[in-house]
Amino acid sequence: MLKLGRITIDRTLDEQGNNKHVDRMVALRHWAQPLKLGENRLTVHVLEAIDTATAILEFAEVNQVDHIIIGARQGSMLRTLLGSVSSKVAAEAGCSVTVVRPPRLASAPRRGQDQQANEIGRS
């Protein structure tokens, strides 16, 4: 998804002169290779819109999409207050939606592990 600016002039080329749409489509196909889906089971699209979630929902409805796989970004306070694209799509889509979270950093302990480590250290 390429998010359009509300007031800025958007360009289809990046700083190196490469087409952003083509680059993203190639990246999506590369990402999907391990899924080993046949050509008739997977399509990739790059949409341009100001409202990302609405564009995805409209595309899914018009094209009778069976399943949306969407990424979730790391949380932020602004995203928590305003909501996220993935949460809106998951809540409003007329099909199955899988939200894929980024992997946690290996060095970042999960919740509770800091407290357990501190308790063990005090024993």
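Visitor: Why is the crossing of α2 and α4 called right-handed?

Guide: A crossing is left-handed if the near helix is turned anticlockwise from the far one by less than a right angle, and right-handed if clockwise. The pair α2 and α4 falls on the right-handed side of that rule. Keep in mind that this is a predicted model, where local features need pLDDT of at least 70, side-chain atom pairs count only at pLDDT 80 or more, and totals for chains, interfaces and linings use all residues. Residues are numbered from 1 along each chain as its sequence is written, and side-chain values use heavy atoms, with hydrogens and water left out.

Visitor: How do you know at what angle α2 and α4 pack?

Guide: Axes are lines fitted to C-alpha atoms, for helices over the stretch in contact, and angles run from 0 to 180 degrees between N-to-C directions. For α2 (residues 52-62) and α4 (residues 85-92) the angle comes to about 35 degrees, and the axes sit 9 Å apart.

Visitor: What makes the contact between α2 and α4?

Guide: On the α2 side it's Thr-52, Ala-53, Thr-54, Ile-56 and Leu-57, and on the α4 side Val-85, Lys-88, Val-89 and Glu-92. Contact here means heavy atoms within 4.5 Å.

Visitor: And which residues of α2 are called buried?

Guide: Thr-52, Ala-53, Ala-55, Ile-56, Leu-57 and Ala-60. The labels work like this: buried means under 20% relative accessible area, exposed over 50%, partly exposed in between (1.4 Å probe, protein chains only). Over the whole protein chain, buried residues make up 18% of the 123 residues.

Visitor: What makes Asp-51 and Lys-88 a salt bridge?

Guide: The rule asks for a side-chain nitrogen of Lys or Arg within 4 Å of a carboxyl oxygen of Asp or Glu. The closest N and O atoms of Asp-51 and Lys-88 are 3.9 Å apart, so the pair qualifies under that cut-off. The two partners come from distant parts of the chain: Asp-51 is in the loop between β2 and α2, while Lys-88 is in helix α4, 37 residues apart. The structure holds one salt bridge.

Visitor: Are its partners, Asp-51 and Lys-88, buried, exposed or in between?

Guide: In between. Asp-51 has a relative accessible area of 36%, so it counts as partly exposed. Lys-88 is at 28%, so it gets the partly exposed label too.

Visitor: How do you know where a helix such as α4 or a strand such as β4 begins and ends?

Guide: Helices (H or I, at least four residues) and strands (E, at least two) are DSSP runs, numbered from the N terminus. By that count the protein chain has five helices and four strands, in the order β-α-β-α-β-α-α-β-α.

Visitor: What is noteworthy about the phi of Lys-36?

Guide: Lys-36 has a positive phi of about 50 degrees although it is not a glycine. You'll find Lys-36 in the loop between α1 (20-32) and β2 (48-49). Its relative accessible area is 72%, so Lys-36 is exposed.

Visitor: And what about the phi of Gln-64?

Guide: Positive as well, near 50 degrees, in a residue other than glycine. Gln-64 sits in the loop between α2 and β3 (67-71), and with a relative accessible area of 67% it is exposed.

Visitor: What makes the nonpolar surface patch?

Guide: Trp-31, Leu-35, Leu-37, Ile-69 and Val-100 make it, over about 450 Å². Patches are made of residues with over 30% relative accessible area and no salt bridge: like charges are joined within 9 Å, nonpolar side chains (Val, Leu, Ile, Met, Phe, Trp, Tyr) within 5 Å. Take Val-100, in strand β4 (residues 96-100): its relative accessible area is 38%, so it is partly exposed.

Visitor: How much area does the protein chain expose, and how do you know?

Guide: About 10,200 Å², with carbon and sulfur atoms supplying 52% of it. Accessible areas come from the Shrake-Rupley method with a 1.4 Å probe; for residues, only the protein chains shown count as cover.

Visitor: Which residue is 8.0 Å from Gln-74, C-alpha to C-alpha?

Guide: Arg-101, 27 residues apart from Gln-74 in sequence. Gln-74 is in the loop between β3 and α3 (77-82), and its relative accessible area of 53% is why it is called exposed.
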